[in-house]
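Me: I'd like to learn how to read a protein model feature by feature. Could you walk me through this one?

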Amino acid sequence: SSRPTRSTSRTASAPMPDSDTPHRARRNPTVSAGNPKAAASRSGGPVAAPRAPHRLSLQIQFDDTVDPAELPASRPQLRRWVQAALEADAELVLRFVGREESRQLNHQYRGKDKPTNVLTFDYAHEPMVQADIVICLPVLQDEAHAQNKPLRNHLAHLVIHGVLHAHGMDHLTDEEAAEMESREIALLHRFRIDDPYRLPDD
């Protein structure tokens with residue numbers, strides 16, 4: 001029951017704080033974020049036709065404060081969510097962090113001194129998509145509880161949201177947001193996950 005806010009994307013001009021963070025940040029990525037909050041969906045779209053899977057190189061990382069056992073999905077499941085959202089061959093890092101690393105990155109690259117649910121460091125779209133997707137697990141847990149939705153479903157949504165940002169999609173305008181939401185809803189439906197933008201009384 002959430003929709004990412006239309007946060008400002010910006011080009012980063014400095015490396016990430018330390019060597020434990022995603023390794024490509026020095027390339028001056030475009031940084032995108034999504035902060036889901038309750039809102040009704042404006043649009044829905046058909047499920048994409050089956051196609052040959054794109055090649056995917058995926059690294060999954062955890063900072064020292066995150067217990068991988070707390071993640072409500074296996075590595076193979078994470079890969080399936082990422083793979084479903086790909087529109088091109090990709091080299092991605094999916095990193096799970098605590099509040100402090102998320103806050104530092106959000107402050108350094110977006111000027112916001114607080115943790116956020118997901119940050120996408122977008123480096124290239126062609127010939128291969130390259131990006132780091134940083135998800136703050138404690139924020140994810142707080143949001144799932146507040147929105148009364150399964151943590152696994154919320155994780156799937158944010159993983160897919162981050163991958164779409166990696167392809168250059170954004171939600172800065174109503175038109176962009178409608179297109180991105182429609183794509184997310186269709187992809188989540190493939191995994192039998194309900195529309196994340198539908199209000200509880202819809």
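What follows is a short dialogue about the fold, the cores, a strand and some salt bridges.

Me: Happy to start with the basics. What order do the elements run in from the N terminus?

Reply: Keep in mind that this is a predicted model. From the N terminus on, the order is β-β-β-α-β-α-β-β-α-α-α, giving five helices and six strands. The protein has 202 residues, and 53% of them count as buried. Among contacts with a separation of 6 or more, 74% join residues 24 or more positions apart.

Me: How should I read a nonpolar core, and how many residues does the largest one have?

Reply: The general idea is that in soluble globular proteins, nonpolar side chains tend to be buried together. Here the largest nonpolar core has 38 residues, and Leu78, Leu92, Phe96, Ile135, Leu155 and Val159 have the most contacts inside it. Two or more residues each come from strands S3, S4 and S6 and from helices H1, H3, H4 and H5. H4 gives the largest share, eight residues. Another core, of 11 residues, lies apart from it, with Val31, Val97, Val134 and Val139 among its members.

Me: Which residues does Ile135 touch, beyond those up to four places away in sequence?

Reply: Its partners include Leu94, Phe96 and Val97, as well as Asn117 and Val118. Leu155, Leu158 and Val159 also touch Ile135.

Me: Let's turn to a strand. Which strands does S5 pair with, and in what sense?

Reply: For a strand, look at its partners and then at its cover. S2 (residues 30-34) pairs with S5 in the antiparallel sense over five bridges, with Gly34 opposite Val118. S5 also pairs with S6 in the antiparallel sense, over six bridges, and a hairpin of four residues joins S5 to S6. As for cover, seven of the seven residues of S5 are buried.

Me: Can we zoom in on one residue of that strand? Is Thr120 buried or exposed?

Reply: Thr120, in strand S5, has 0% relative accessibility, so it counts as buried. Its bridge partner in S6 is Ile133. A polar atom of the Thr120 side chain lies 3.3 Å from the backbone oxygen of Gly162. Leaving aside neighbours within four places in sequence, the contacts of Thr120 include Thr30, Val31 and Ser32, along with His165 and Ala166.

Me: Now the charged pairs. How many salt bridges are there, and which parts does the pair of Arg183 and Glu87 tie together?

Reply: When reading a salt bridge, check the distance, the place in sequence and the cover of each partner. The count comes to seven salt bridges. In one of them, Arg183 and Glu87 have their closest N and O atoms 2.7 Å apart. Arg183 lies in helix H5 and Glu87 in the loop between H1 and S4, so this pair ties together parts that are 96 residues apart in sequence. Arg183 is buried at 15% relative accessible area, while Glu87 is partly exposed at 42%.

Me: What about Arg95 and Arg103: which partners do they have?

Reply: Arg95 forms a salt bridge with Glu101, the closest N and O atoms being 2.8 Å apart. Arg95 is buried at 3% relative accessibility, and Glu101 is buried at 10%. Arg103 meets Glu100 at 2.6 Å, N to O. Those two are three residues apart in helix H2, so about one helical turn separates them. Arg103 is partly exposed at 24%, as is Glu100 at 41%. Asp113 joins Glu100 and Arg103 in a network of salt bridges.

Technical notes:
Residues are numbered from 1 along each chain as its sequence is written. This is a predicted model: local features need pLDDT of at least 70, side-chain atom pairs count only at pLDDT 80 or more; totals for chains, interfaces and linings use all residues. Side-chain values use heavy atoms; hydrogens and water are left out. A nonpolar core is a set of buried Ala, Val, Leu, Ile, Met, Phe, Trp, Tyr and Cys residues joined through side-chain atoms within 4.5 Å. Buried means under 20% relative accessible area, exposed over 50%, partly exposed in between (1.4 Å probe, protein chains only). Contact means heavy atoms within 4.5 Å. A polar contact is a pair of N or O atoms within 3.5 Å; within protein, one must be able to donate a hydrogen and the other to accept it, and residues adjacent in sequence count only if both atoms are side-chain atoms. Two strands pair if DSSP finds at least two bridges between them. A salt bridge is a side-chain nitrogen of Lys or Arg within 4 Å of a carboxyl oxygen of Asp or Glu.
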